[in-house]
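Visitor: I would like to learn how to read a model of this kind, feature by feature.
Guide: Then let us look at it together.

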Amino acid sequence: MTVLHPDLAATAASFFSDGPSLGDRVVQWQRVHGRHDLPWQKNRTAYRVWLSEIMLQQTQVTAVIPYYERFLQRFPDVFSLAEAPIEDVMALWAGLGYYTRARNLHRCAQEVVATYRGEFPADPVLLQALPGIGRSTAAAISAFSYGTRAAIMDGNVKRVFARVFGIREYPGNKPVEDQLWLLADSLLPAEGIDAYTQGLMDLGATVCTRSKPVCMLCPLQPHCVANREQLTAELPVRKPKKAVPSKRVLMPVVMVNGQVLLEQRPPSGIWGGLLSLPEIGGMQLADDALFEPDTNAVSAFAEKFTEVQSVRLLPDFEHVFTHFRLQIFPVIAEGSRWLPQVAESRYSIASPEQADTLALPAPVRSLLTTLVQDSSL
DNA sequence: TAAACGTGGAT
DNA sequence: TATCCAAGTTT
């Protein structure tokens, strides 16, 4: 049983002692100064709103727009998406990241067709039961599509609320987040839920920005604790950082007759369900440890492809990621007798020219693309 | 519940 | 260059 902290309630109440409520201020501000020309704001349907909201999870607007346009062109409605092969969906999603979203997107489309005859439900509770739709996304879809009064909670809202209410704890903490949800629920305006929901995000994206917020332009500025106490640079409190484990793997570029060996990765984990270069000898290392390829693992890999003639290490092909590091090296194969065998397994063969039509992780895609010009391989 | 999950932009 | 983190959800 969670109750709203008295300090938060007091700040919320302060809005009513001095003119319009927080909600009404945001609504009015959005209608004049908010964003109105984003692709998913025109010709608004539940399908379009849903598609955009899934893509926008942990992903910036500018990154989403081209993907959104391509998806809408290829899948104009929920039926075409539900009927499509998952491979097509993954290929179109490739490069956006968080690939579980793409699988859930496909599953969700199929459920909406099967259970709701292709009509997304208006009830946030029903929406949240669908794959890939959590509490915040359910509220956003519902508010934008059907005008349902429901609160969102994303990075923008957390930042705006943390500053306005002077919340001096990390908003990702469970108890703090519980408070934020209570706040969000209590602050919904009586009218204009769509402008309000959009307004909170517009405010966070264009005025109450992470660095150098433009408080002069903020409709909440007269009531903002962070503005009053000069805490905008300190709030919201940063996520406590943890040491990232270092993992290195070998990813051989096996080329035969100008084609590249690929394998499909398991559905969960990094790059889940995507095609990528085969992975050999994953290992956890200290950050400063020297990288020594696991020769046993390399031999085991070579056993599977007996036509492979030689292995060369090219340190140039090193990609550093948030969680691990890849050493990519070429394996030059002669002959092609193993190609048919490969096609029957979870391995497949693709030409570099096909790179942009496959469900490939972004780094692998760019590598394959460069292979077209690079004759040294 | 905390950790996992991609990629690219901003500082 | 290193670090943060963005229209969060899932396990």
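**Reading the surfaces, a helix and the domains**

Guide: This is a predicted model. Start with DNA strand C, which is surrounded by 29 residues. The closest are Leu56, Gly134, Thr137, Asp154 and Gly155.

Visitor: Which elements give two or more residues to the surface near DNA strand C?
Guide: Helix H3 (46-55), helix H9 (135-146), H10 and helix H12 (193-206) do. By residue class, the surface near DNA strand C has eight nonpolar, 13 polar and eight charged residues.

Visitor: How many residues surround DNA strand B, and which are the closest?
Guide: There are 20 residues around DNA strand B, and the closest are Gly97, Tyr99, Gly269, Pro361 and Ala362. Helix H4 (61-74) and helix H16 (362-373) each contribute at least two residues to the surface near this strand. Eight residues of the surface near DNA strand B are nonpolar, eleven are polar and one is charged.

Visitor: Let us turn to a single helix. What span does helix H11 reach from its first C-alpha to its last?
Guide: Helix H11 (residues 174-186) has 13 residues and reaches 18 Å, close to the 18 Å expected at 1.5 Å a residue.

Visitor: Which residues of H11 are buried?
Guide: They are Gln179, Leu180 and Leu183. Seen down the axis of H11, the buried residues fall within an arc of 100°, so they line one face of the helix. The general idea is that an α-helix has 3.6 residues a turn, so residues three or four places apart point the same way.

Visitor: What do the buried residues of H11 pack against?
Guide: They pack against helix H1 (6-14) and helix H10 (155-164).

Visitor: How is chain A divided into domains?
Guide: Chain A has domain 1 (6-228) and domain 2 (246-373). Their contact takes eight residues from domain 1 and ten residues from domain 2. On the side of domain 1 that touches domain 2, helix H6 (86-93) and helix H7 (100-116) are the elements that give two or more residues. H6 supplies the largest share of that side, three residues. The residues on that side of domain 1 divide into four nonpolar, two polar and two charged.

Visitor: Now a single residue. Is Glu111 buried, exposed or partly exposed?
Guide: Count the other C-beta atoms within 10 Å: 20 or more would make a residue buried, and 12 or fewer exposed. Glu111 has 16, so Glu111 is partly exposed. Glu111 lies in helix H7.

Visitor: Which residues does Glu111 touch, not counting those up to four places away in sequence?
Guide: Glu111 touches Leu130 and Pro131. By contrast, Glu111 and Arg210 are 37 Å apart in space, C-alpha to C-alpha, and 99 residues apart in sequence.

Note on methods: Residues are numbered from 1 along each chain as its sequence is written. Chains are lettered from A and ligands numbered from 1 in the order in which they are written. This is a predicted model: local features need pLDDT of at least 70, side-chain atom pairs count only at pLDDT 80 or more; totals for chains, interfaces and linings use all residues. A residue is near a molecule or strand if its C-beta atom, placed from the backbone, lies within 6 Å of it. Helices (H or I, at least four residues) and strands (E, at least two) are DSSP runs, numbered from the N terminus. Ala, Val, Leu, Ile, Met, Phe, Trp, Tyr, Cys and Pro count as nonpolar, Asp, Glu, Lys and Arg as charged, and the others, Gly among them, as polar. The expected span of a helix is 1.5 Å times one less than its number of residues. The arc is that of the directions from the helix axis to the C-beta atoms. Two residues are in contact if their C-beta atoms, placed from the backbone, lie within 7 Å. Domain bounds come from an automatic or database domain assignment.
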